[in-house]
Amino acid sequence: MAIHRETVFRAGASMVEVCTLAGVVKDTLVYDDAHGQVEHMDVSKDYLAVSTSNGFIKLWRLGGRTPKSHGPTGGKKVDVRDIPTGSSIESIKVNCNGTKVSVLFVLPGSATTHTVIVVYDVDADCFRSFDFAQTGRVPEAHAWDHDVPMMFGVQTVTGGQLEASADVAGAPAASVKVSRSASGDMGDGGAPTTMSSGDGTEDRNSGIDTKNARKEANTPGLVVFTMFASPERIVLQESHPIPAGFEALLGLSVPSLYVCKKAAVAEGGGVCFSVTMRDFLGMEKVDPATKSALLEFKLHLATGNVEEAFRAVKSIKNPEVWENMAHMCIKSKRLDVAEMCLGNMGHVRGARAVRDASREPELDARVATVAVHLGLNDEAESLYAGCSRYDLLNNLYQAMGRWDEAVVVATSHDRIHLKTTHYNHGKHLESVGDLQAAIVAYEKSGNCATEVPRLLFQRGMVADLEQYVAHANDATLTKWWARYCESVGDFDKALQGYQAASDFLSLVRVYCNQGDYQGAAEIVEESNDPAAAFHLARTFEAQEETGEAVRFFAAAGRFGHAARLARSAGMDAELMNLALQSPPEMMLDSAQYFQERGQPEKAVTLYHKAGNLRRAMELCFHAQLFEPLAALTESIGADSNTDPELLSKCAKYFLEHNQYPKAVDLFIKGKQFDHGLQMALDHDVLINEEMAEAMTPAKGEVEDAVRKELLLKVAKVCKQQGSYHLSCKKYTQAGDKVKAMKALLKSGDTEKIIFFAGVSRNRDIYVMSANYLQTLDWHADAEIMKSIINFYSKARAVESLAGFYESCAQIEIDEYRDYDKALGALRESLKHLLKSRTEDRAEAVDGLNARIGMVERFVQARKLIKDDPHEMVRICTEILNDPQIGANDLESSIRVGDVFALLIEYWYAQGNYQQAYTLIEQMKDRGIVVAPYLDAEMVETVYREMGVDTAPRAGAGGGRDSGVDSDGEEMMEENIAIDDDDELPM
C-alpha cells in the first residue's frame, strides 16, 4: 500500500487499485498477469513504482487526473547477472522525478538481504548494480533524496549483525555472504558497478577506492552510505555512521539524513530525527544555490569530471564552503582540486603543502600531508597507515604529542626510526622537566652515554650523575666518568672507573704517569691488550730499557719496532723470530744484517719472506745452499715475475743433479717452452695440465701464429705421452679440431667423443666419430646407434650410412633371425644409397635391390604359412633352387638354414615325416649344421619315424650357416691417419 496526497494505492489481483482515503476504489492500474502479483510499492512526489512476484517493475506518473504509465509500457524485468537465480525483490524505491528505481533482493530460500543493490535507469533503459560486499557490510534499507534525483542513501549493517538477525528469523547463516563479488570486475581500483542495458549488456565501473569503502566495515550499529546514480555509473559518495539508539533510515534531504528513534516516544519525544551529513557539517543553513552547487561539485568530483566540478563552484565566495570542498577533495584524493580550494580559502601553508607533497611516491601519503594542514588528523592517520608510510605516521604522532602511539608505531612498523623516536621523546620530556622519564628515553635511544651526563651536569647534579654511572653498568659512560675524575685530579676514582670499563690503555697510562711501571706491566700481562702493551713499550724505550721495550713491543704485535730495537742492541737470538713477524721493510733490513754477520741461511729465509726472491736465490748460489734453493723454486708460480735468466740458472743446476721434473718445471716457468718440451720427451717427464696451461699464452698476448704453433707442439707431446684428453684440449685451442678428435679417439672415451663431435660441426669429425662408434657394441646400445646415424647424416656420408644399415640388416638376420627388421634396414640402406654420386653407384644399387628382393620373398613365405602353405612351399623351394644361393652361399641375402627350417617345421606339423627327413638330409648335404635351426626333439622324432639312426654323418656341417658364432664379417673401421712423427721439431 502507498499514499499520494489524498489517494491510496492498494495491491489487488493483477492490478493496483486507486482508492480514496475512505477506501472507495475510483480507478485501477492494470498490468500483465504473467508478471505475477504486486508485492512492493513506493511513491515519491508524483511517481509510483510497483514490483511483482515475478521480478517485474512498472512505473506510473500521478500528477494528472488519472495515473499515466511511465517508462516501458509493459514494465521491465529485473535481470542482472550479479543477482542469483531465484532471488526475490525485498523492496523498491523511486526517486523524486521518476527517472530511477532502486531495488534490494532477498537470497533464494532465506530471509537474508543480498549484498547487491540494483538501480534501474528509466531514461537509459538499463540496470546498474553496486555490491556492498566491497564495503564489508550488507544493505538493509534505502531511500532517495527528496529533491536531488541522482542521490540516494543505503542503510547497512555488518555481516555479523545480519547473520544474527537471519538466525533469529530461521534463515541459514551460510546465506550471509560479505565478500568480493565474483561476477564484478574492479574499475578504478574500487568495487564493481554493473550496468545492464535492455539487450542484456552490462557495464562495470566505479570511482570508489576500495580501502575507503571498507573503512566502516567493522563499525558497529548502522552506517548510511550516500551514493550518486550518475548517467554512467553508481558512485559511493560518503559514509555516515548513525549515532547509537537510532534504528532506521527514513529518508534524506540534503544536508540531513532522517532516522527514527522509537525509544524517544516513551520519553515523550518524537520519532523522526535529522542527522547532518558528514560533508555538510557547518553548512546546514547554506542557501539553495550553494547547496545545489556543492551537490553538483560532489557528483562531478566523484565521477572524475574535474572541469565540470570547477565550473559548478567557481561563483562561490564563502571560505567555509571552500574549506568543506577541500575536505571532500581529501576524501576523494583529488589534490589538483584541493589546491584550487585551498587557494580560494587563502590557505597559503596548505597550498604549499600540496606542492611539497608531490615528492612522496604514494598518493595516500601526499593526500595525508595536505589533510594534516586542514586539521583532518584522523583522515591523515588512516591514509598513512593505509599506504604503509609508518615513518610519516610516526612523525605525525610526534608532532601531535602522542608519544605513546609514536613509540608503538616505531616498534611495530618503523624500527629504523625507533631510536630516533625515543631520542625525540627524551628531548620532549627534558623540555617539560620530567628528567627521570627523559633518562629512560635516552637509554632506549642508545644515547645515554652522552645525553644523560649532559642533562645532569648542566643542572649541577654531579652526585646524581655519579650514582647513575655506578648503577648504569655502561662501559662508555663509566669511561667518561673516569676521564672526568682524572681531569679533576681524583686518580683513585679514575682508576676504579677505568678498571670497571676495562680500559687497560688508560690504566697503564695513569700508572706510568705515577711511575708505577710494575703495576702497569702486571695489567698488560693480565689483559693482553695490544694498545696498553704498546704504550708501556714506548715508555720503556724512552727510559732506554731495551729488553723490556722489545718484550712489550712483541706483546703489542708491533714486531717491526721490536726488531729495530733488537738489531740496534745486537740481540740476534730474538731478532730472527721478531723479523719474521715484521713488515717487509724490516725483514729486508734484518736479512741484510744477518748477511753481513755471516748467517746466510737466516738471510735467505728473510729475503724470501720479504718477497725478494732474486736476492735469496743469488745468495743461495753464492753460499752453495742447495736445500733452501730447492724450497725457493717450489714457491715460484707460473705467473711469477722472476727473472727468466735466474730461473734458467736454477734449471741448469737441477739438470746437473738429475732433477729432471724440477728442471722442466723451471724451464716452463722461465718461458723456455721448446727446451722444456724437448727435455720432457728426452727424460720421460709427464706434462701435466698445470704445465700445459702455463705454456698456453692468453689470446692477444702473442701473435696468433706463434700461439698456434706452440699449442700444436704441446698437444703433440701430450699425445705421445698418452695424455689424450689434454692433447685434445690443446689441439682444440690451436684450432685443429680434426687432430683433436684423433687424439680423443685414442683415449676411447665414448661419451666425450660423442660430445666433441656434436659441438665441432665438422664433416670429417662426424665421419671419424661414427666409424669409431661402429667398432663398439652399438647394437646393444640404442644411444650409440642413434649417434652413428646422426653423425653420418650430418656428414652427408650416404655411402657409409647405407653400409651401416646393411650391417644392421645382417645382424638382425644372423643374430635374431628377424627378417622383417632386416628388410626395413635394407630398404633404409637403399634410400640413402640412391643419394650417392659415386661411379659404382648403379652396380651397388642393383646388388642391394637383388638382396632386398630375396629377403622380401622369404618374408612373404613366412607370412603365408597359415593362409597359403602351398604358396609358401613353392616360394621356399624356388629360393633353395636359386642359382645365386647355390653359387656362393656366403654372399647370399638370407640364411639357407632358415629356409630349410621353415619347410621342415611345416612338413613336421603336417605329419609328413618323409618330406621332413628328405629336407634334413639336403641340409646336411649342403654342409649346414642342423642343431642351430631345428629342435633336437623334432629331428629325433623324424628319424625315429623313418627308422633311421640319428648319429651325425662325418663331414657334415661347416659353412656360413654352421651356426657357430664366428665373426663372418669384419667390423667397419676407418683408417684414422694420426700424425705420429718420430721426432718433435724444435
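This report walks through the overall make-up, backbone geometry, salt bridges and one helix packing of a predicted model.

## Overall picture

Let's start with the whole chain. The protein has 986 residues, and 47% of them are buried. Its secondary structure comprises 46 helices and 22 strands.

How much of the contact map links residues that are 24 or more positions apart? Taking the contacts with a separation of 6 or more, such pairs account for 48%.

## Backbone geometry worth a look

Most peptide bonds are trans, and most residues other than glycine have a negative phi. With that background, a few places in this model deserve a visit if you are checking torsions.

Which two residues does a cis peptide bond join? They are V254 and P255, with omega at about 15°. P255 sits in the loop that runs between β20 (248-253) and β21 (256-260).

Two residues that are not glycine carry a positive phi. K45 has a phi of about 50°, and its place is the loop linking β5 (38-44) to β6 (47-52). With a relative accessibility of 39%, K45 is classed as partly exposed. R761 has a phi of about 60° and belongs to the loop between α36 (750-760) and α37 (763-774). Is R761 buried or exposed? Its relative accessibility is 74%, so R761 counts as exposed; the cut-off for that class is over 50%.

## The surroundings of H114

H114 is part of strand β12, which spans residues 113-121. Its relative accessibility of 10% makes H114 buried, because that class covers values under 20%.

What does the side chain of H114 reach at 3.0 Å? The partner is the backbone nitrogen of V116. Leaving aside residues up to four places away in sequence, H114 touches D82, I83, P84, F105, L107, V138 and P139.

## Salt bridges

Side chains of opposite charge can pair when their charged atoms come close. In this model the count of salt bridges comes to 26, and three of them are described here.

One pair is D125 and K76, whose side chains meet with an N to O distance of 3.4 Å. D125 lies in the loop between β12 and β13 (126-131), while K76 is in strand β9 (residues 76-77), so this salt bridge ties together parts that are 49 residues apart in sequence. The two partners fall into separate accessibility classes: D125 is partly exposed, with a relative accessible area of 27%, whereas K76 is buried, at 14%.

The next pair sits within a helix. K831 forms a salt bridge with E828, and their closest N and O atoms are 2.8 Å apart. Both residues belong to helix α40 (residues 819-833), where they are three residues apart, about one turn of the helix. K831 is partly exposed, with a relative accessible area of 42%, and E828 is also partly exposed, at 24%.

Helix α42 (residues 869-880) holds another pair, E878 and R874, which are four residues apart, about one turn of the helix. Their side chains meet in a salt bridge at 2.4 Å, N to O. E878 counts as partly exposed at 37% relative accessibility, and R874 is partly exposed at 39%. Elsewhere in the chain, salt bridges that share partners join K427, E430, E451, R454 and R459 into one network.

## How α42 packs against α44

Now back to α42, this time for its packing. At what angle does α42 pack with helix α44 (residues 896-910)? The angle is about 150°, and the two axes are 10 Å apart. The crossing of α42 with α44 is left-handed.

From α42, the contact is made by P869, M872, V873, C876, I879 and L880. From α44, the residues involved are V896, V899, F900, L902, L903, Y906 and W907. How many nonpolar residues does this contact have? There are 13, with no polar and no charged residues. The E878 and R874 salt bridge described above also lies in α42, but neither of these two residues is listed in the contact with α44.

Terms used
Residues are numbered from 1 along each chain as its sequence is written. This is a predicted model: local features need pLDDT of at least 70, side-chain atom pairs count only at pLDDT 80 or more; totals for chains, interfaces and linings use all residues. Side-chain values use heavy atoms; hydrogens and water are left out. Buried means under 20% relative accessible area, exposed over 50%, partly exposed in between (1.4 Å probe, protein chains only). A polar contact is a pair of N or O atoms within 3.5 Å; within protein, one must be able to donate a hydrogen and the other to accept it, and residues adjacent in sequence count only if both atoms are side-chain atoms. Contact means heavy atoms within 4.5 Å. A salt bridge is a side-chain nitrogen of Lys or Arg within 4 Å of a carboxyl oxygen of Asp or Glu. Axes are lines fitted to C-alpha atoms, for helices over the stretch in contact, and angles run from 0 to 180 degrees between N-to-C directions. A crossing is left-handed if the near helix is turned anticlockwise from the far one by less than a right angle, and right-handed if clockwise. Ala, Val, Leu, Ile, Met, Phe, Trp, Tyr, Cys and Pro count as nonpolar, Asp, Glu, Lys and Arg as charged, and the others, Gly among them, as polar.
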